Amino acid sequence: MLTAQNKSQPRPPAFDDIVKPVVPHMQALDRFLDTQVERFETDIRDLVRYSLQNQGKRLRPLLVFFGGWREDVVSPELVRAAAVVELVHLATLIHDDILDDATLRHNSDTVSARYGSTAAVLLGDALFSQALVLAAEFPTVDVCRAVSLSTRRVCAGEIRQTFERGNADFSLEEYFRVIDLKTAELFSVSSHLGASLAGYEPEFAEAAGKFSRHLGVAYQIFDDLADYLGDEEKIGKTLGTDLASGKFTLPVLVLLQRLPRGEQKLFLQRVRRGELEASQLVELMKDYAVIAEVSSSFEQELNKAEAVLEPFAELEPVPRLRALSQFVLSQFQRLAVGS
């Protein structure tokens, strides 16, 4: 099991080591995405090209490639599927940055900061559309159906979170439903598609999808904590936007549960007036052992992810998928311990 207290766990590999086996796959993905720029209308090609630059770790394409891993064969079908999920993900990021008034993403201006919110909204729509065009070009309708369903669920999660902005009564159950939709859904469909397209049995494809769903929930918990504890320069995106935009994520929800009733009211008043500095908020989290509880929720998700893969331990994709969970664990531990 994956826990912060388990000292017997081997040291997790560096991210570059994890990615090394799929460098040819990622290079093929880059070339494929470059060709997609030319399929857009000339009016927006510069915007599309800019959105494809300075990308992050590309975890979702990695889940496609690792879910369908068979030695080191670069499958054109997996490359296309990876492009589909990456375009959907990019579209959601562009829209997220507008909602959060974020100006920095991967150490570069966000699309909305560079081109304006109106153009950014429409560019996100165009990227969604092209993802579905690519999905429809598979010989089976299963890919298009799966991606379309996942895209709808991601949007539903974002809409639900938008409606809940500023709602201090947002429950933990509702929080986990939102992140399951807006983040874990695309993680899940990525590895499920990879395993299915690579010809693995449906039972493993389903398990790969469940593994990545738990991984996606854990990753969102990490991202939510990083908004308070992270270093903007190291992470490369605008931080401190969640509470400022009215998002009550897991760290603040746990803090609210632990604050005495009288202090809850004062806390919310200070938040709404913008009087609470980030450093003060972090001190409160430390005083009320919030980080420990958030860490426990994070670890539970990774443990569930590991358990799903146990019956398939002999299959080639499993060590690759587990390496990703170990990397996410190491990133979270560095963040939490560093606080």
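Here is a walk through this predicted model, from two of its helices to its cavities and a pair of helices further along the chain.

Let's begin with helix α5, residues 76-99. At 1.5 Å a residue, its 24 residues should span 34 Å, and the end C-alpha atoms lie 35 Å apart, which agrees. Is this helix enclosed by the rest of the structure or open? Of its 24 residues, 20 are buried, so α5 is largely enclosed by the rest of the structure. Just after α5 comes D101, which takes a positive phi of about 55°.

For a view from inside α5, pick out V84, which sits in this helix. Buried means under 20% relative accessible area. V84 counts as buried because its relative accessibility is 1%. Leaving aside residues up to four places away in sequence, V84 touches A131, L134, A135 and V147. It is also worth finding C144: 60 residues separate V84 from C144 in sequence, while their C-alpha atoms are 9.5 Å apart in space.

Those contacts lead us to helix α7, which covers residues 117-136. The same sort of length check works here. With 20 residues at 1.5 Å each, α7 should span 28 Å, and its end C-alpha atoms are 29 Å apart, which agrees. Which residues of α7 are buried? They are A120, L123, G124, A126, L127, F128, Q130, A131, L134 and A135. An α-helix has 3.6 residues a turn, so residues three or four places apart point the same way. As for partners, the buried residues of α7 pack against α2 (23-37), α3 (45-52), α5 (76-99), α6 (111-115) and α8 (141-163).

Between two of those partners, α2 and α3, there is a loop, and I44 has its place there. I44 is partly exposed, with a relative accessible area of 25%. If you look from I44 to I179, you cross 135 residues in sequence and 31 Å in space, C-alpha to C-alpha.

Now for the empty spaces. The structure holds 2 cavities of 30 Å³ or more. The largest cavity contains about 180 Å³ of space. It is lined by 15 residues, and the closest to its centre are S51, Q55, R105, D109 and V111. Elements that give two or more residues to this lining are α3, α5 and β2 (108-109). Here we meet α5 again, as it gives the most to the lining, with 4 residues. By class, the lining of the largest cavity has 5 nonpolar, 7 polar and 3 charged residues.

The second largest cavity holds about 50 Å³ of space. Around it you will find Q161, E164, R165, F170, Y175, G246, K247, F248 and T249. This lining divides into 3 nonpolar, 3 polar and 3 charged residues.

Our last stop is a helix pair, α13 (residues 250-258) and α14 (residues 261-272). Two packed helices are described by the angle between their axes and the distance between the axes. For α13 and α14, the axes come within 8 Å and cross at roughly 140°. On the α13 side the contact involves V252, L255, L256 and Q257, which meet Q264, F267 and L268 in α14. What classes of residue make up the contact of α13 with α14? There are 5 nonpolar and 2 polar residues, and no charged ones.

Key: Residues numbered from 1 in each chain as written. Predicted model: local features only at pLDDT ≥ 70, side-chain atom pairs only at ≥ 80, totals over all residues. Heavy atoms only, no water. Expected span 1.5 Å × (residues − 1). Buried < 20%, exposed > 50% of the residue type's maximum accessible area, 1.4 Å probe, protein only. Contact = heavy atoms within 4.5 Å. 1 Å grid on protein atoms, 1.4 Å probe; cavity = no way out; pocket = protein on both sides within 12 Å on 5 of 7 lines; lining within 4 Å. Points joined across faces, edges and corners; volume = space filled by probe spheres on them. Nonpolar A, V, L, I, M, F, W, Y, C, P; charged D, E, K, R; others polar. Axes fitted to C-alpha atoms, helices over the stretch in contact; angles between N-to-C directions.
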